[in-house]
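Hello,

Here is the structure I promised to pass on to you. Have a look at it first, and then read on for what turned up in it.

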Amino acid sequence: MSLLVEALRQAASLLVGGDGEIWGILWLSLRVSATATAIALALGIPFGALLALTRFPGRGLVVSAVNTGMGLPPVVVGLFISLLLWRSGLLGVWEILYTPTAIVIAQAVIATPIVTGITLAAVQNVPERFRLQLVALGASRLQMVWVVLREARLPMLAAVMAGFGGIISEIGASMMVGGNIKGQTRTLTTAMVLETGKGNFDVAIALAILLLVLIFLVNWALTAIQQRGASAR
Amino acid sequence: MTRRFAILALALLAVAVTPLHAQPPASRTMILSTTTSTQDSGLLDVLVPQFERKTGYSVKTISVGTGQALALAARGEADVTLAHAPALEKKYVDEGKMLNRRLVMYNDFAIIGPEADPAKIKGEKSAVAALTRIAEAKARFVSRGDKSGTHTLELNLWKQAGITPAAPWYIESGQGMGATLGIADDRQAYTITDRATLLAFAKRVGLKVMVEGDRPLLNIYSVMEVNPANGPRVNAAAGKAFADFMLSPETQQVIKTFGVDKYGQPLFVPIAGRKDEDF
């Protein structure tokens, strides 16, 4: 218990009195995961909507693959992205292994199926009669998709939360492709593992508290938008 | 509602387009593959910035188990390696994967265990004899089990003792030294640890030092350059610069005093210029 109290004090002093390293780590985590979420949204929303609104042979297989991807183990993604980005790998010429860019790529790979899957479910939940009605009213296919997406926007905020929440707290991929390099690719989660390994449990707990507060603040903002949207309907 | 979404999207975009970092040109970056224990001790946090200032190289330090550190280097995924598993290192040198292996420093290992000392090894001089007695007593022993330098050293000792340790008394943690100490403490088991990690955990681990000072318990660190033939983008010049830096008199002086302010004793003994046979 005293450890927890000590950790709370440590967290406060790290933020206020520290050398700024902690702010750098916090900012990097936020930046990397926000970028990856943005990429995942850009890819996952169109793909999820397409899957929800079209029928083609083998669609069941693709949907199953997306649902499997929602549970993609980060450490598996980390391993394969590492192989790809190694100097001897297919994309080795880019020389981006052990950079924040590499973490963004890995996290986007993890989050995209999550966003796709939730978008798929959200769009499918919009009644089909509504879609037919739109078409009957003279909407073009693109206009119809736009309106349906707007209709499904509240459940889709859950996609943002699930995607972001999944990758900001992820450790396996960040460790492997980022390398936990001080001042370059050290994120909240990898720093936590390092400090625990060093026996600095108070610092690790302080980092844990910061991570939880960060996730809470982001979800709080998103929930506020979601709930306000819900009551406005 | 739509406006709020637009604001959210813009905010996300604003964060997204912040340049992640300015990448220095490839030939000025260097990858150092090393072991978790050097990282955990904090020594590299002191030495690497000095090297960067002195040479202008930007260093990426990848801390993994010794096995992985050498395997990465053998594939050309690193430019220089700092490791502490002499037998394994010599194998890579013999295969021509690693070049110019030079001793840098040593620290020491200790066999620690519960105060009750069920295998009665306290004060034993020989590490091999102590392990033999632990096996005979079937007293619990926690192994790293992760192919790290520490694990390699432990396996060598078992081999010398002619014992194949096995469950249930032999527990493999598969984790770093810190986590392994925690498990050993919790299970009231024996284990082998490096001095730096033991000092760092002194407050939280109640296990006592049982055997120390035996020659096989010396933990010798070497620096090796990566053979440029291992891969397409090995920065051999940077690797050599780092190896030379580790052996320079100034760096050896820093190593000699490192840890005194925090633990009251140095964590490493610098040994530039010495040979394996000297030990």
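Let's begin with chain A. Its secondary structure amounts to 11 helices and zero strands, so to speak a run of α-α-α-α-α-α-α-α-α-α-α from the N terminus on. Please keep in mind that this is a predicted model.

The C-alpha atoms of chain A fit in a box of roughly 65 × 50 × 25 Å, taken along the principal axes. Chain A has 233 residues, and 43% of them count as buried. Among its contacts with a separation of 6 or more, 77% link residues that are 24 or more positions apart.

Next, the nonpolar cores. Which residues touch the most other members of the largest one? In this core of 107 residues, they are Ile81(A), Ala102(A), Ala106(A), Val177(A) and Leu32(B). Take Ile81(A) as an example: leaving out residues up to four places away in sequence, it touches Ala102(A), Ile105(A), Ala106(A), Val109(A), Ala173(A) and Val177(A). There is also a second, separate core of 28 residues, and Ala110(B), Tyr170(B), Ala189(B) and Leu198(B) are included in it.

Now on to chain B, where strand S9 is a good place to stop. S9(B) covers residues 218-226, and eight of its nine residues are buried. Which strands pair with it? Strand S3 of chain B (residues 80-83) does so in the antiparallel sense, over four bridges. Strand S4 of chain B (residues 98-113) also runs antiparallel to S9(B), and eight bridges join the two. You can find Val223(B) of S9(B) opposite Leu82(B), and Arg102(B) stands opposite Val223(B) too.

Last comes helix H10 of chain B, residues 236-247. Is its length what you would expect or not? At 1.5 Å a residue, its 12 residues should span 16 Å, and the end C-alpha atoms are 17 Å apart, which agrees. The buried residues in H10(B) are Ala238(B), Gly239(B), Phe242(B), Ala243(B) and Met246(B). They cover an arc of only 135 degrees around the axis, so they lie on the same side of H10(B). What do these buried residues pack against? Their partners in chain B are strand S1 (29-35), helix H3 (43-55), S3, S4, S9 and helix H11 (249-257). That brings us back to S9(B), the mostly covered strand from above.

Enjoy exploring it!

Best wishes

Notes: Residues are numbered from 1 along each chain as its sequence is written. Chains are lettered from A and ligands numbered from 1 in the order in which they are written. This is a predicted model: local features need pLDDT of at least 70, side-chain atom pairs count only at pLDDT 80 or more; totals for chains, interfaces and linings use all residues. A residue is buried if 20 or more other C-beta atoms lie within 10 Å of its own, exposed if 12 or fewer, and partly exposed in between; C-beta atoms are placed from the backbone. Two strands pair if DSSP finds at least two bridges between them. Two residues are in contact if their C-beta atoms, placed from the backbone, lie within 7 Å. The expected span of a helix is 1.5 Å times one less than its number of residues. The arc is that of the directions from the helix axis to the C-beta atoms. A nonpolar core is a set of buried Ala, Val, Leu, Ile, Met, Phe, Trp, Tyr and Cys residues joined through C-beta atoms within 7 Å.
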